[in-house]
Amino acid sequence: QRLGAGQGIGFEICRQLAHRGASVILNDVDPALTAQACEKINQEQEGRCYGMAGNAADINFIQEMVATAVREFGHITVAIAIAGITLCGDFLTYTPEALQKVTQTNIGGSFFLAQVAARQFIKQQNGGSILFMSSVTGVQAHKNLAAYAMTKAASEKGWIDGEKAMLESLTSIKRAGAKIILTYFAKEFALLALFLDAARGP
């Protein structure tokens with residue numbers, strides 16, 4: 001299994017951004033899913049979605065995606081670094097090749113998209129936003145998902161700042177024009193807001 005914008009969470013993120021006026025690059029490793037997803041979004045919001053099928057863990061392809069976004073749209077404002085792949089397997093027989101593929105995609109794909117996007121933000125001199133997303137698998141045991149869980153725990157445990165990532169995921173969607181945001185971060189965000197209010201004092 002893999003996470004791509006041809007379906008599921010990735011697709012809905014692209015769809016919602018397009019509905020709110022953003023132009024998006026939609027990436028999935030499957031060319032057919034990429035084309036179908038873009039067609040569906042463009043039927044709802046004509047010309048808002050540009051599909052690019054390819055490996056999100058390939059640094060050359062990542063560079064091509066960012067360059068295409070700049071060429072087609074003039075600049076980039078948000079990079080959503082949530083590439084993910086799941087190769088299920090028993091811990092005792094899991095192969096080095098499978099672990100390398102999962103690690104390269106789940107950590108390397110997000111890391112290098114963020115890196116290439118950050119360079120473009122600096123070049124544009126007007127900033128931008130990078131959204132990371134992890135998985136509950138990083139903190140809860142799931143059978144045959146040891147390798148996937150390790151990559152998500154790396155994100156959860158300090159590879160990125162979870163609190164900042166949470167805030168950025170919410171504020172970037174707000175900046176894109178959303179009036180209502182449904183998120184499983186609601187409890188954490190509410191607690192953080194209470195803490196910051198208390199810290200400010202009366």
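These are my notebook entries on a predicted model of one protein.

**Entry 1: overall layout**

I started with the whole chain. The protein has 202 residues, and 37% of them count as buried. I found seven helices and six strands. Read from the N terminus, the elements follow the order β-α-β-α-β-α-β-β-α-β-α-α-α. I then looked up the contacts with a separation of 6 or more, and residues 24 or more positions apart account for 59% of them.

**Entry 2: strand β4**

Next I looked at strand β4, which covers residues 78-81. Which side chains of β4 are buried, and which are not? Ala79 and Ala81 point to one face and are buried. Val78 and Ile80 point to the other face and are not buried. I noted the general rule beside this: in a regular strand, side chains alternate between the two faces of the sheet.

I also looked for a partner of β4. It pairs with strand β6, residues 129-132, in the parallel sense, and the pairing has four bridges. Opposite Ile80 I found Leu131 of β6.

**Entry 3: the nonpolar cores**

I looked up the largest nonpolar core and counted its members as 16 residues. Met65 and Ile76 have the most contacts inside this core. The elements that give two or more residues to it are α3 (59-73), β4 and α4. A second core lies apart from it and has 13 residues, including Ala18, Cys38, Ile41 and Cys49. I kept one general remark here: in soluble globular proteins, nonpolar side chains tend to be buried together.

I then listed the neighbours of Ile76, leaving out residues up to four places away in sequence. Ile76 touches Val66, Ala69, Val70, Ala117, Gln120, Phe121 and Gln124.

**Entry 4: helices α3 and α4**

I looked at how these two helices pack. The angle between α3 and α4 is about 40°, and their axes are 10 Å apart. Their crossing is right-handed. On the α3 side the contact is made by Ile59, Ile62, Gln63, Val66 and Val70. These meet Gly109, Phe112, Leu113, Val116 and Gln120 in α4. How many residues of each class does the contact have? I got seven nonpolar, three polar and no charged residues.

**Entry 5: Thr34**

Thr34 is in helix α2, residues 31-44. Is Thr34 buried or exposed? Its relative accessible area is 4%, so it counts as buried, the cut-off being under 20%. Not counting residues up to four places away in sequence, Thr34 touches Leu26, Asp28, Gly51, Met52 and Ala53.

**Entry 6: Gln125**

I found Gln125 in the loop between α4 (96-124) and β6. Its phi is near 65°, a positive value in a residue other than glycine. Gln125 is exposed because its relative accessible area is 73%, and the cut-off for exposed is over 50%.

**Entry 7: Met133**

Met133 is in the loop between β6 and α5 (146-159). Its relative accessibility is 25%, so I entered Met133 as partly exposed. Last, I looked up where Met133 stands with respect to Ala83. The two are 50 residues apart in sequence. In space they are 8.8 Å apart, C-alpha to C-alpha.

Note on methods:
Residues are numbered from 1 along each chain as its sequence is written. This is a predicted model: local features need pLDDT of at least 70, side-chain atom pairs count only at pLDDT 80 or more; totals for chains, interfaces and linings use all residues. Side-chain values use heavy atoms; hydrogens and water are left out. Buried means under 20% relative accessible area, exposed over 50%, partly exposed in between (1.4 Å probe, protein chains only). Two strands pair if DSSP finds at least two bridges between them. A nonpolar core is a set of buried Ala, Val, Leu, Ile, Met, Phe, Trp, Tyr and Cys residues joined through side-chain atoms within 4.5 Å. Contact means heavy atoms within 4.5 Å. Axes are lines fitted to C-alpha atoms, for helices over the stretch in contact, and angles run from 0 to 180 degrees between N-to-C directions. A crossing is left-handed if the near helix is turned anticlockwise from the far one by less than a right angle, and right-handed if clockwise. Ala, Val, Leu, Ile, Met, Phe, Trp, Tyr, Cys and Pro count as nonpolar, Asp, Glu, Lys and Arg as charged, and the others, Gly among them, as polar.
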